[in-house]
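Q: Hey, got a minute to go through this model with me? I'd like to talk about salt bridges, surface and confidence.
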Amino acid sequence: MNTVETTQLELRLRRRALTSGLRPTAASVIALTAALGGGLVASPALAQSPSSEPATVDTVIVTASRVDRAGFTAPTPTTVVTAEEFALRAVTSVADGLNQTPAFFANTTPATGGNQRSNGNANYLNLRALGANRTLVLVNGRRHVPTTSGGALDINLIPQALISRVEVVTGGASAAWGSDAVAGVVNLIFDDRLDGGRASVQYGVSSRGDNRETKATLAQGFSFAQGRGHAAIAGEWYRNSGILDQQDRNWGRQEWQIVNNANATATNGQYLRLRSPYVHQSGRTESGLILSGPLANMQFGPGGVLQPFRLGQVTGGGFMIGGDGINQGTVTSLVTPGERKTLYATASYELTPTIKGSVEASYARIESSNDMLASFSTAPYLIRVDNPFLPTAVRNQMIGAGQTQLQVGRINTDFGFIVAHPVNETKRIVGALDGSFGETWKWSAYYTYGQNYSHDRTENNLIVGRAIAAMDAIRDPVSGQIVCRSAATAPACVPLNIVGYGAPSASAINYVTGTTESWTTNKQQVAAFSLTGEPFSSWAGPVSVALGGELRRESIKSTADPISVANGFLVGNPKNLSGKYDVKEVFLETVVPLIADLPFVKSLDFNGAVRLTDYSSSGSVVTWKAGLTYQINDAVRLRGTASRDIRAANLTELYQSSATSFATIRDPRPGSGAPAALVNNVTGGNPNLKPEEADTWTVGIVLSPSAIPGLRASIDYYDIDIQGAIGALSAQSIVDRCFTGGQTALCPLITINPATNAITRTDASFLNLSETITRGVDAEISYTRQIADGDLTIRLLSTYVANLITNDGVLSIDRAGQVAGQGADAGLPRWRSTATVAYRRGPLALSAATRYVGGGKVDVTYTGLAINDNSVKSRTYLDLSVEYALGEGDTRVKLFGAVNNVFDKDPPLVGTTFQAPFYTNAALYDVVGRFITVGLRVSY
């Protein structure tokens, strides 16, 4: 990991390089940076090796600032990861490499998408666990069209074969780059000066023979018109077979889950929840379980014959420890299979000695197939006594007991799995002009158009209304045939037999299942202009400025199938969505040297920025940044920033169509009647949302002691406080807060029948309702030196999370130190670290890396007798890799291999209460086990 103390490095070599034949390499960039005293902590074993790919450099603008000034060290911490480092680790995607960095929280990856209807094979970048929509991702310093209606960007849809480095700003950067940069910025930078070609192929497989990965890349670049023009094209293909079931791992067969203990009372000293293995469902079976009446706890066996259902030791909340039945989590996908194809092309031409034109075009397509889960009864299925599918013996028992119907819980595995088939395509084109004038002034203008199209198809999804009608079968008194009771109103109805596993006919299954579909198109247009230069100098050096403006339009149109629009399916039910907004922005950034070359003050620089943003959806907002860099001497640098950052509501939060579902609430008003009531709960977008506002500050120190050459260390404290965070409340929360919590502003969201005084409806649309705060410390130590004619690099990156607080106005919960949960309830362990030792000597490169995830609690809100075991132990993983170069000159071949999780460590088993649970937290822990990769790369 090459960490930059946010150096702004300018190499004014390009114009002369084209005429003199000089093309600075990546190694010369590193060397020049060191000579300038900038903060680029390079790894000689990786970046300066003889086998490193040459790359010409025009200007390197580090993402922490837009100011283009040689030697300037900005006050915002920035991490740079090079393509060589990704290659040595043999990662198959940029996101996989970045997610090993402690500052990222990998909560949406192919290993977390087992229950996802869409984006199951996606990879989103999420800094500080604040959400992917609060991490701004740029491509070559420009925005990219979102790939979801929520505004997030799937990194797998960005062509990666020509990426030369990735810059990560771990702090607010809205004033410099715009909305969404609350947690930070990730800038993917492409190699636009590739001369020659390179290709690679690699194959990976787990030690158990699954999760097979194949990846192939090809890139070619060349100059034309006597060096005035340059073009490059690159393509990539990747396929992953995935891991289809959790039970494909030993730990996935242990059925860990959290059970609510129905036996616990306020006085008997029993735990309210039990975290335990071998948890099964207590209210459903694959053959059908009778839930009430004299035949309760009997299940249908072969031929519909009743058999006893053995209850477990502890039951509660629909689950039990031991007993009969199944745990649906065993067949939940562990890693979602998928395939991606990407293509990228770029061309540039020097129109004049000071003006260059360029164009970029890219295309990407990802598709996957994910067996999500089998359908199941959410409310008991009803089988009436006159149902002809009932065996005579069962019917006689019902008549003898005075039962007119059976309530049955069932998991419909004999219907087949609900299977998600998402397809996602992205097209993008960029046209740009770059120029310079005078001694220091440069300008840039560009236009980009991007379009993302997704088709989410979910097959074999249960159509709930049809299933209810089809289960209610009778025998036609005229024909003697078994028909649906509703045949008069639904003549196409096919009677469905659910009395025993395997009883449903194929025709009945076809009738009660269907395909959920949605078609979504995201479009983005951006036109921008920027100018950088040094208008004058002060007593301490030149004053630098960067200014510019941007026009942007975001739009979305999504269409869903009619059954989904009517909430007819068991899962999914996407809705139609249409909306757009326009953004106008202007910004100004400056660097002002305050003091230079005095005792104890080698330099003191001020870096400030301000941006005015006007949203057509929410009005104008101002963001700003102010920071200081204090270089005491060559060995010690202090840095600090304060900023105001924003995230505007995305198109889903603004314009999502209203959807109605049912919610059971407790009415807390005295004399309101029944304590529980079923109400209509309406969810949807809110066009009146205001941008979230975040106050961010960081302070840190960077050490480069001359007494220990090659040693560098940095430590930075961060504090991010988001006000007006956008979210939605539950129906019960709205009612409680209105009537007992003193939040009367929420009372208009409740509809009361004046005649009965009963609550009939709640409106749970998106609101600016909460505060999110995170605080912590990032630290890095790196050491480089030559040993035995080779280059050794040792690096440690570590993050400590002091707080991760969500305050919704009623409850304030700090989830730092928590290792489970999803969405707003997700937590982070306090400590995460990566340590790497890399050694390169001649053609051989070796690397060993450890990944540490600290222990913690399952849920920080569980205290006392809330759960029997709330602790989770830490995990440390070891990864090894090797690379060997063959040949010299223009054509070179590199053989490489890697082993991740060398000791095949299992993840800790956390447990949840979900219907088809993940037994661990794949966002934090390795769920694949030992994984081996081999491959080769060719450059020519």
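A: Sure, let's start with D582: this residue is partly exposed, with a relative accessible area of 27%. Partly exposed sits between buried (under 20% relative accessible area) and exposed (over 50%), using a 1.4 Å probe and protein chains only.

Q: What does D582 form a salt bridge with?
A: With R553, and the closest N and O atoms are 2.6 Å apart. A salt bridge here is a side-chain nitrogen of Lys or Arg within 4 Å of a carboxyl oxygen of Asp or Glu. The pair links distant parts of the chain, 29 residues apart: R553 is in strand β30 (residues 541-560) and D582 in strand β31 (residues 577-598). Strands (E, at least two residues) and helices (H or I, at least four) are DSSP runs, numbered from the N terminus.

Q: And R553, buried or exposed?
A: In between: R553 counts as partly exposed because its relative accessibility is 34%.

Q: Before I go on, what are the ground rules for this thing?
A: It's a predicted model, where local features need pLDDT of at least 70 and side-chain atom pairs count only at pLDDT 80 or more, while totals for chains, interfaces and linings use all residues. Residues are numbered from 1 along each chain as its sequence is written, and side-chain values use heavy atoms, with hydrogens and water left out.

Q: How many salt bridges are there in the whole structure?
A: A search finds 45. One of them joins D667 and R669 at 2.8 Å, N to O, and both of those residues are buried.

Q: Which residues are linked in a network of salt bridges?
A: R143, D180, E550, R552, E554, E585 and R611.

Q: What about R815?
A: R815 meets D825 in a salt bridge at 3.4 Å, N to O. Both lie in the loop between β43 (812-814) and β44 (831-841), so the pair ties together parts 10 residues apart in sequence. R815 is buried, with a relative accessible area of 7%, whereas D825 is partly exposed at 43%.

Q: Switching topic: how far can I trust the chain?
A: Its mean pLDDT is 88, and 91% of the residues reach 70 or more. pLDDT is the predictor's confidence in each residue, from 0 to 100.

Q: Which elements have the lowest and highest mean pLDDT?
A: Helix α3 (residues 44-47) is lowest at 29, and helix α9 (residues 506-512) is highest at 97. Over residues 1-60, pLDDT stays under 50.

Definitions and conventions
Contact means heavy atoms within 4.5 Å.
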